[in-house]
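Q: I am new to this structure and would like a close look at a single part of it. Could you start from one residue and its surroundings, then link that spot to the rest?

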Amino acid sequence: SNTQIAGLNSASFAALSTDALHAISATQAAAISTTVLSTMTTTEVNALTADALKALSASQAKTLSTTALQGLSSTLLKSLQVTDLQEFNTAQMSVLTSTQVGSLNAASLGGLKTDQINALSTLALNNLTSAQISGLTITQLKSLTTDNIKALSTVTLNGLSNSQISGLTTAAINTLSSTQVNALNSLAIAALTSAQIQSISTNAVNNLSTSSLSKLTATQLKQISTTQVNALSSTQIKSLTSISLSALTSDQINALSTVGINQLSGNQIAGLTASQLSGITSTSFGALTTAAINSLSVAQTPKLATNLVAALTSTQVNALNSSALNALTSLQLTNLSTTAISKLTALSQLTNTNLKALTTTQAAVLTSTQVSALSSTALAVLGGDRLNALSTDALKTISSTQVQGFTTAQINALNSASFAALTTQTINNLSATQAKGLSSGVLSTLSTSEINALSSAALNALSAGLCVVRF
């Protein structure tokens, strides 16, 4: 009877056979003293029926030894209702094996108290299935300690729903390793809030798979901190679509490492806005590949800051497509380095407006090859100060055809040194009008060979002036 069961001491109870223990009813089980329950062995507990085990009150269940509970069969454990499981204390929960915990369904796990969930061993948590993790409440997930978060396997994490992942604390997200983050399903990743995105560790960001990175929405990408952006690897940056990249702010673009910037493809660069381009540092801009530079459009180049234009290497300048090169403003052109100007193979392709914008310093480094390639019309737009800045070698290459295009203003602006650098053949092609435009300074220093080189028409045009300044 119940009274007899209640009166049994530990020694007497231990003498009962397995069959006798299995015959104990639910009502009789409820009468077993806590003293007896605390001394029951694993064999004795496993001999009880599921109904008898379920009949134990909270005060009774808490007295079962951890040793006995650790040996409890999975069949008996999973037969318990949520209310039954809630009766176990944290010490008892902590000894449950991964096999025992693995036998519990999602509903049973979802009914556990937060301290019970956190009491489970890391091994037990690590072995939770995706189906089991889906049963945990947001309250339970929020309560998980960092150690327990770290213990969750990739299989487990893959089972988190979007509502569950968005319910995790930023501290929990920060604890996730890159392997764990990569295990999240696409819906879960898309559910990450701004605060959660920013709490992902830089190490995890650096090791995100390109697949995981591609799952982030444009809104989420905008929330990545500059520190996180700087942690992105070249492989990750290369994987970003032009649409994804266009979602980044100018500050984020600026935060990309030099190595990362160097990996941007032509398509990616072509998709950047003027604001984003302005966010690139001169150092990073100077690291762009020729393919990336070549992709700059006529809409982008005029928006480049002068410091970026100044940072362009000669190789990069030569990589600009002709349309983009001519889209540079006069101010931008004057900021091209002398090295870049001196090695610009497409100088002859510049518009007259851009040629006219060259400074005397830039003109001084133009090579004879560059000058000789200019049309007479193009050379005619250079001011006198730019002509006088040309090197002797460059002036020597000015052809008869080119000199015939010189304006009166250019001729008049030529100084003696520049005129002296012209070949006799070039001088011979000066027209009468051009000869009349020569300054008194030039006329006063004309050598005999230069005078002899002038055509008869040119000599006749300036004879009076020549006599005045020379005799």
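A: Leaving out residues up to four places away in sequence, Ser284 touches Leu256, Thr258 and Ile261; a contact here means heavy atoms within 4.5 Å. This is a predicted model, in which local features need pLDDT of at least 70 and side-chain atom pairs count only at pLDDT 80 or more, while totals for chains, interfaces and linings use all residues. Residues are numbered from 1 along each chain as its sequence is written, and side-chain values use heavy atoms, with hydrogens and water left out.

Ser284 belongs to helix 36, which covers residues 282-285. Helices are DSSP runs of H or I with at least four residues, strands are runs of E with at least two, and both are numbered from the N terminus. Is Ser284 buried or exposed? Ser284 counts as buried because its relative accessibility is 5%. The cut-offs are these: buried is under 20% relative accessible area, exposed is over 50%, and partly exposed is in between, with a 1.4 Å probe and protein chains only.

Now look at Phe285, which is part of the largest nonpolar core. Such a core is a set of buried Ala, Val, Leu, Ile, Met, Phe, Trp, Tyr and Cys residues joined through side-chain atoms within 4.5 Å. This core has 140 residues, and those that touch the most other members are Phe88, Ile165, Phe285, Leu390, Ile398 and Phe419. Setting aside neighbours within four places in sequence, Phe285 is in contact with Ile280, Ile293, Leu296, Leu304, Leu308, Leu312 and Gln316.

Phe88, another name from that core list, leads us to Gln116. Beyond the residues up to four places away in sequence, Gln116 touches Leu85, Gln86, Glu87, Phe88, Thr90 and Met93. Gln116 sits in helix 15, residues 114-119, and counts as buried because its relative accessibility is 1%.

Let us step back to the whole protein for a moment. There are 56 helices and 0 strands. Along the principal axes, the C-alpha atoms fill a box of roughly 150 × 25 × 25 Å. The radius of gyration is 43 Å, whereas a compact globule of 471 residues would have one near 23 Å; this radius is taken over C-alpha atoms, and the globule rule is 2.2 Å times the number of residues to the power 0.38. Of the 471 residues, 44% count as buried. Among contacts with a separation of 6 or more, 77% join residues 24 or more positions apart. The exposed area is about 19500 Å², with 52% of it supplied by carbon and sulfur atoms; the areas come from the Shrake-Rupley method with a 1.4 Å probe.

A few places elsewhere along the chain help to fill in the picture. Ala421 lies in helix 51, residues 416-421, and touches Thr392, Leu395 and Lys396 when residues up to four places away in sequence are not counted. With a relative accessibility of 8%, Ala421 counts as buried. From Ala421 to Ala61 there are 360 residues in sequence and 108 Å in space, C-alpha to C-alpha.

Ala50 offers another view: Ala50 and Leu76 are 26 residues apart in sequence, yet 5.7 Å apart in space, C-alpha to C-alpha. Ala50 touches Leu76 and Ser79, again not counting residues up to four places away in sequence. Ala50 is found in helix 7, residues 50-54, and counts as partly exposed because its relative accessibility is 24%.

Two further pairs can be read in a similar way. Asp19, in helix 3 (residues 18-22), counts as exposed at 65% relative accessibility. The C-alpha atoms of Asp19 and Ala47 are separated by 7.5 Å, with their positions 28 residues apart along the chain. Ser449, in helix 55 (residues 448-453), counts as partly exposed at 44% relative accessibility. Ser449 and Thr424 are 25 residues apart in sequence and 7.6 Å apart in space, C-alpha to C-alpha.

Finally, how many salt bridges does a search of the whole structure find? The search finds 1 salt bridge, defined as a side-chain nitrogen of Lys or Arg within 4 Å of a carboxyl oxygen of Asp or Glu. The side chains of Arg386 and Asp385 meet there, at 2.7 Å from N to O. Side chains of opposite charge can pair when their charged atoms come close. Arg386 counts as buried at 12% relative accessibility, while Asp385 counts as partly exposed at 43%.
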